[in-house]
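Open your viewer, have the selection box ready, and follow along one stop at a time. Each stop says what to pick next and what you will find there.

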Number of protein chains: 2
Amino acid sequence: MDLVVKHLMDHGIRPSVQRVAIMRYLMEHRTHPTVEDIYRDLHDEMPTLSKTTIYNTLSLLGEKDALSLLTIDSKNIHYDGDMSPHAHFLCRCCHRIFDVALPLGLDSDGMMPVGFSIEHSHVYYDGVCNMCSGKGQE
Amino acid sequence: MDLVVKHLMDHGIRPSVQRVAIMRYLMEHRTHPTVEDIYRDLHDEMPTLSKTTIYNTLSLLGEKDALSLLTIDSKNIHYDGDMSPHAHFLCRCCHRIFDVALPLGLDSDGMMPVGFSIEHSHVYYDGVCNMCSGKGQE
DNA sequence: TCACAAATTTGAATCCATTACAAAATTATA
DNA sequence: TATAATTTTGTAATGGATTCAAATTTGTGA
């Protein structure tokens with residue numbers, strides 16, 4: 001079975017054409033897109049796709065933990081289809097968001113006060129990326 | 001000299017009446033307020049204070065690293081006048097934001113790819129707080 | 001103290017991401 | 001095939017954030 005369809009069904013989501021297209025986009029593009037990005041890029045292959053559907057779908061996928069919301073950028077919500085543990089870096093020059101390794105020792109169960117239960121955790125950095133600093137490879 | 005005035009001047013910000021009032025509010029209220037919160041609460045003592053001034057001031061304070069922007073909540077930007085290192089926890093029930101200890105081992109300089117420089121880092125959790133879970137003290 | 005320049009504040013208008021909503025289309029069920 | 005349930009769609013509305021120019025306040029020098 002298609003990996004994207006399986007991913008949706010594993011999270012209790014009925015795999016409509018639109019939902020599969022949006023989830024596939026997220027899984028194949030590791031760019032942490034916004035709603036606008038998704039709409040623009042999917043418009044060619046699905047001219048009738050509406051923004052409301054994208055909002056609805058991303059909201060549903062988020063509730064079911066099939067994707068993760070990145071609030072790293074105060075201007076727009078970004079979405080990430082990769083649920084494996086990793087941190088994010090936002091470049092203040094080019095505004096791209098990069099995946100970076102999680103710092104070690106982040107298992108912080110012991111640090112939380114009694115009665116607090118963590119459902120999701122996010123580690124965000126901002127600064128300047130290797131391309132904007134001119135110090136990166138290439 | 002007043003601590004708030006000193007804080008502003010230490011960050012190269014001229015301490016106008018409005019700026020001092022807003023910075024003082026942030027330093028005295030550890031509630032991570034939004035623009036709306038600040039406006040509502042300062043309105044009594046400063047009826048002429050405009051929202052634009054609050055936006056301008058928070059933007060200036062942010063640029064000068066005199067406060068920190070919390071993007072933990074996708075609905076609104078929250079502001080924090082406490083620049084000491086700590087993490088944040090957003091309760092999905094009551095939507096309050098709590099200060100929590102930073103996990104150990106978060107010094108992640110070694111983890112970043114060559115050419116990436118970190119200017120700010122944030123650790124965000126969400127889940128259920130002690131009051132909403134009914135398992136807290138009191 | 002006064003006049004002028006610079007900085008700051010203000011409110012109205014605007015922008016734009018997100019949400020609400022109800023009709024239309026699609027899919028599931030009997 | 002008929003009916004119900006689900007999903008999609010476009011339009012309208014919402015509301016946080018920004019723009020902008022006028023008004024006010026503050027700083028500077030004579």
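## Start at the strand pair

Select Asp126(A) and look across to β5(B), where His120(B) stands opposite. Next door on your list is Tyr125(A), whose bridge partner in β5(B) is Ser121(B). Now show both strands in full: β5(A) and strand β5 of chain B (residues 117-128) pair in the antiparallel sense over 11 bridges. Two strands are said to pair if DSSP finds at least two bridges between them. Strands (E, at least two residues) and helices (H or I, at least four) are DSSP runs, numbered from the N terminus.

Before moving on, a word on what you are viewing: this is a predicted model, in which local features need pLDDT of at least 70 and side-chain atom pairs count only at pLDDT 80 or more, while totals for chains, interfaces and linings use all residues. Residues are numbered from 1 along each chain as its sequence is written, chains are lettered from A and ligands numbered from 1 in the order in which they are written, and side-chain values use heavy atoms, with hydrogens and water left out.

## Stay with β5(B), then see chain A whole

Keep β5(B) selected and add strand β3 of chain B (residues 87-91); these two pair in the parallel sense over four bridges. To see one of the matches, pick Phe89(B), whose bridge partner in β5(B) is Tyr125(B).

Now color chain A by secondary structure. Chain A has five helices and five strands, and from the N terminus on they run α-α-α-α-β-β-β-β-β-α. The C-alpha trace of chain A spans about 45 × 45 × 30 Å along its principal axes.

## Where the two chains meet

Show both chains and select the residues in contact (heavy atoms within 4.5 Å). Chain A and chain B each bring 40 residues to this contact. How much area do chain A and chain B bury between them? About 3,200 Å², with 59% of it on carbon and sulfur atoms. Buried area here is the accessible area (1.4 Å probe) that two parts lose on being put together, summed over both. On the chain A side, highlight Met111(A), Phe116(A) and Asp126(A), which lose the most area to chain B and together make up 17% of what that side buries.

Next, select Arg92(A) and Glu119(B): their side chains meet in a salt bridge at 2.7 Å, N to O. A salt bridge puts a side-chain nitrogen of Lys or Arg within 4 Å of a carboxyl oxygen of Asp or Glu, and the count between the two chains is two. There are also 14 residue pairs in polar contact between chain A and chain B, both residues at pLDDT 80 or more. A polar contact is a pair of N or O atoms within 3.5 Å; within protein, one must be able to donate a hydrogen and the other to accept it, and residues adjacent in sequence count only if both atoms are side-chain atoms.

Which elements should you light up on the side of chain A that touches chain B? β4 (97-100), β5 (117-128) and α5 (130-133) of chain A each supply at least two residues. The largest share, 12 residues, comes from β5(A).

## On to DNA strand C

Select DNA strand C and the residues near it (those with a heavy atom within 4 Å). You should find 16 residues, the closest being Arg14(A), Arg14(B), Ser16(B), Thr53(B) and Lys75(B). Zoom in on these spots:

- Ser16(B): a polar side-chain atom lies 2.3 Å from a phosphate oxygen of the strand.
- Lys75(B): a polar side-chain atom is 2.8 Å from a phosphate oxygen.
- Arg14(B): a side-chain N or O atom is 2.9 Å from a sugar or linking oxygen.

Of the atoms of DNA strand C within 4 Å of the protein, 74% belong to sugar or phosphate and the rest to bases. Show α4(B) too, as this helix gives the most to the surface near the strand, with three residues.

## Last stop: DNA strand D

Switch to DNA strand D, which has 16 residues around it; Ser16(A), Thr53(A), Lys75(A), Arg14(B) and Tyr55(B) come nearest. Sugar and phosphate account for 75% of the atoms of DNA strand D that come within 4 Å of the protein. For a contact with a base, pick Thr52(A), where a polar side-chain atom lies 3.1 Å from a base oxygen of DNA strand D. Then choose Tyr55(B), with a side-chain N or O atom 2.9 Å from a phosphate oxygen of DNA strand D. Finish on α4(A), which gives the most to the surface near DNA strand D, with three residues.
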